[in-house]
Structures are given as structure tokens and as C-alpha cells.
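Reader: I am new to this structure and would like to learn how to read it, one feature at a time.

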Amino acid sequence: MLDLLIKEARLIDGTKLEIGVRDQKIVAVEEKITEDAKQTIVLDPDVFLSAGWIDDHVHCFEKMNLYYDYPDQIGVEKGVTSVIDAGTTGAENIHEFYELAQQAKTNVYALVNISKWGIVEQDELADLSKVKEALVRKVLQSLPDFIVGIKARMSKTVIGDNGITPLEMAKKIQADNQHLPLMVHVGSAPPELEEILSVMEKGDVLTHCFNGKVNGILDQETDKIKSFVWDAYNKGVIFDIGHGTDSFNFHVAQKALQEGLQARSISTDIYIRNRMNGPVYDMATTLEKLFVVGYSWAEIINKITEAPAQNFGLRNKGKVQVGYDADFTLFKIEEKEKELTDSNGYTRMTNQQITPVKTIIGGIVYDN
Ligand code: ZN
Ligand code: ZN
């Protein structure tokens, strides 16, 4: 007996299949499943199914004051089955976040900020005595299933006079701890993007990749991708959207795509203010912005399922395959016009909208 049977499921490539779920896992993916189930859902012909959407850059520890939100309000309620909080907390307060996060329906993971209290103040890396490698190591050992990587914010307002040093410290922590994933936030200089990228290695994640700042990937005079950015891209640095209040620009995203440089993962950098007031709102709106600059829906879905699962070592997530977790997002893509706004106030019209209709987490079905 299955716990859940999903009939008439259609993937983004048009494949039709049926999916059987037991004990929170996918146990069958076949053309036709005849086994009985406690619950059966039959999808409408205009609904697509994908592995559950993963947002690898959010801020969802509600006890913080600067950047905070509630996991289920940015997760299950928005078609997102798993979120990775990107360094809101550090070694001193991540346990408290963990305890709260366990109550969410949404799967919550975290990157631990190398600064011990995370983003309590905006300049968490201005005082390097807050970077305590031994403390970071301790929480990595005590919360191995929750903490999936480390985070360093490398921009002017965060680092004070410390230049590239905080990133070098992050790289050392990474090297001393099984080379776990490292996400680096970029923004205004210092440090210069060139210096940051020269320290980053294959598999490291550059978030806010399509920001519209002078210290971004696009040379504002020639309107071309800077050559050192290509070097980083070609050596395997992962470009991640991290839209945020301040960090997604349509023109930069479109130029990059036209030159052949793609973001590997799409994330929102959502927190309560950019969710309520824009320009982020939710994952679906962020996806529409990537569609409007030229990504296909198939590419987009990969960048919120398989790609982030791989980048952050979420072993049982990101695929509709036997043995994987029973997390799915059911959604519609409709021909409907909508005005979209980037972080710099520029607008584009999309003629297609994507809307989650059901979110399934561990085999439990939630309506959107
Ligand atoms: Zn950031
Ligand atoms: Zn962020």
C-alpha cells in the first residue's frame, strides 16, 4: 500500500508519468502504477510537476532584526519545499535557529556565517575577532544535517577595513572542514570583484551574480562581461542569482546569457521586507524574471531543483527518481502578461507566468 499516488503527472519536458510515495520517499516512477494508495491525486492536464523547488539563498530566522522571515511563508506557501538560510546566523546562535526551524513544514537548511552572531549588525566582518574557527567547527559537528555550508559576505558595508582577509579566513575554515560548500556574497568594492574571484575555487558559490553595481560582472563602459569573470566561470565558480533587494539587474542577466554565461542556480535572497514590498515577492516572480531575459522553463526548473541540490550536497533532493525524498512542486505556466521590476527599478513585461498550485513535502500535500 502506497501512502500517496500521483497520477497524470507531467514534467516540464512533457513526459507523463505516475509516482508512488511511501514513508516520505519516492518508491515508484512508472508509466502506470496499479498498487493501491491511501491518497491518490490526479493532476489536471494544464499542471506540471517537478521535484520540489529549492531556494538556496533566503533569510528565515524570525528572531533576527535586520534580515528575517518565517520558513513556511517563503517556503511551502510559495511552492518551495526546501530553503537554505544563507548565513543569517553564526556559530553562537545557529542552534536557536535550528530548534525553531524544526517546527516548519518546509525543509530548512543553513549556511553558517563565519562571523559568530551572523548578521546581527550589517558589518559582521569588520571585527575579525568575531571569526572563530573552533566555534564554527563545533557547530558543523553538532548539526551536520542542518548546516550544509558556510557563508561570507564580502562587500564594503560588511568588511570594514579588512579587504580580502575575511574570505581567506573562510577558505581556510572550508579547507579544514571537508571542503564544504562556501557561498560568497558580493556587492560594492572594496574588495574588488576581481580579487574575490581570484580566491574562489571550483564549486564555490558566487551569490548576487547579476547585480547592477559597478563592481559587478559587466564592464559598464564596454557593456561586456569582464574577462576575469570568464576566468572564474570557466574554472567552475558557481554563479547564483540571490536576487534580493539590491542585487538583480535585467540588463546584466540578459547580457551574460547572450554572451553564454548562465547562472547555475536561481535563488531569491528573500526576507520579510523584499517579500512584502518587492522587488522579490517570491520564488515564482524571480523565475519569471529569468524567463523574460531568455532562459527556458526547462533550464529554470533545473536551476531550482537538481542544480542547488548538487551544489549544496542535498543528496536525496532535486530529482523525481526512486529513492529520492517525496518533495514536489505542482505548477501552471500560463500565457498572461505581467510587469516585472528588478532591484534597480527597471521593468520588463513577461507574457508567461508561473504559479505553484500544490506543494508536496515528504509526501504530504499542501494547496497553494
Ligand atoms: Zn548578500
Ligand atoms: Zn542574503
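Reader: Let me begin with a single residue: is Asp 269 buried or exposed?

Author: The model is a predicted one, and burial is judged from relative accessible area, with under 20% counting as buried. Asp 269 has 10% relative accessibility, so Asp 269 counts as buried.

Reader: How far does the predictor trust this chain, in terms of mean pLDDT?

Author: As a general idea, coordinates should not be read in detail where pLDDT is low. Here the protein chain has a mean pLDDT of 97, and 100% of its residues reach 70 or more.

Reader: Which elements have the lowest and the highest mean pLDDT?

Author: Helix H4, residues 156-159, has the lowest mean at 96, and strand E14, residues 238-240, has the highest at 99.

Reader: Back to Asp 269. Which zinc ion has Asp 269 among its protein donors, and what are the other donors?

Author: To read a metal site, list the atoms that count as donors, and then ask where their residues sit in the chain. For the zinc ion (ligand 2), the protein donors are NE2 of His 57, NE2 of His 59 and OD of Asp 269, at 2.1 to 2.3 Å from the ion. Their spacing in sequence is H-x1-H-x209-D. His 57 belongs to strand E6 (residues 53-58), while Asp 269 is in the loop between helix H8 (250-259) and helix H9 (272-276), so this pair ties together parts that are 212 residues apart in sequence.

Reader: Is His 57 buried or exposed?

Author: His 57 counts as buried, at 1% relative accessibility.

Reader: What are the protein donors of the zinc ion (ligand 1)?

Author: The zinc ion (ligand 1) has ND1 of His 185 and NE2 of His 208 as its protein donors, lying 2.0 to 2.1 Å from the ion. His 185 is part of strand E10 (residues 182-186), and His 208 is in the loop between strand E11 (205-207) and strand E12 (218-219), so the two tie together parts that are 23 residues apart in sequence. His 185 is buried at 11% relative accessibility, and His 208 is buried at 3%.

Reader: What distance separates the zinc ion (ligand 1) from the zinc ion (ligand 2)?

Author: The two zinc ions are 3.6 Å apart.

Reader: How many salt bridges does a search of the whole structure find?

Author: A salt bridge is read from the gap between a side-chain nitrogen of Lys or Arg and a carboxyl oxygen of Asp or Glu, and the cut-off is 4 Å. The search finds 24 of them.

Reader: Where in the chain are Glu 96 and Lys 63?

Author: Their side chains meet in a salt bridge, 3.6 Å from N to O. Glu 96 lies in helix H2 (residues 94-101) and Lys 63 in the loop between E6 and helix H1 (71-74), so the pair ties together parts that are 33 residues apart in sequence. Glu 96 is partly exposed, at 40% relative accessibility, and Lys 63 is exposed, at 52%.

Reader: Which residue forms a salt bridge with Asp 204?

Author: The partner is Lys 171, with the closest N and O atoms 2.5 Å apart. Asp 204 sits in the loop between helix H6 (193-199) and E11, and Lys 171 in helix H5 (residues 165-176), so this pair also ties together parts that are 33 residues apart. Asp 204 is buried, with a relative accessible area of 1%, and Lys 171 counts as buried at 11%.

Reader: Which residue forms a salt bridge with Glu 288?

Author: Lys 338 does, and the closest N and O atoms are 2.7 Å apart. Glu 288 in helix H10 (residues 283-293) and Lys 338 in strand E15 (residues 328-341) are 50 residues apart, and the pair links distant parts of the chain. Glu 288 is buried, with a relative accessible area of 1%, whereas Lys 338 is partly exposed at 23%.

Reader: Which residues are linked in a network of salt bridges?

Author: Lys 25, Lys 317, Asp 325 and Asp 327 are linked in such a network.

Reader: In what order do the four strands of the open sheet stand?

Author: To read a sheet, follow the strands across from neighbour to neighbour. The order is E3-E2-E1-E4, and the pairing is mixed. Strand E3 (25-30) and strand E4 (37-42) are at the edges with a single partner strand each, so one side of each has no neighbour in the sheet. From one strand to the next the twist averages 20°.

Reader: In what sense do E2 and E3 pair?

Author: Strand E2 (residues 16-22) and E3 pair in the antiparallel sense, over five bridges. Val 21 stands opposite Ile 26 in E3.

Technical notes: Residues numbered from 1 in each chain as written. Chains lettered and ligands numbered in written order. Predicted model: local features only at pLDDT ≥ 70, side-chain atom pairs only at ≥ 80, totals over all residues. Heavy atoms only, no water. pLDDT = per-residue confidence, 0-100. Donors = N, O, S within 2.8 Å, 3.2 Å for Na, K, Ca; no water. Buried < 20%, exposed > 50% of the residue type's maximum accessible area, 1.4 Å probe, protein only. Pairing = 2+ DSSP bridges. Axes fitted to C-alpha atoms, helices over the stretch in contact; angles between N-to-C directions.
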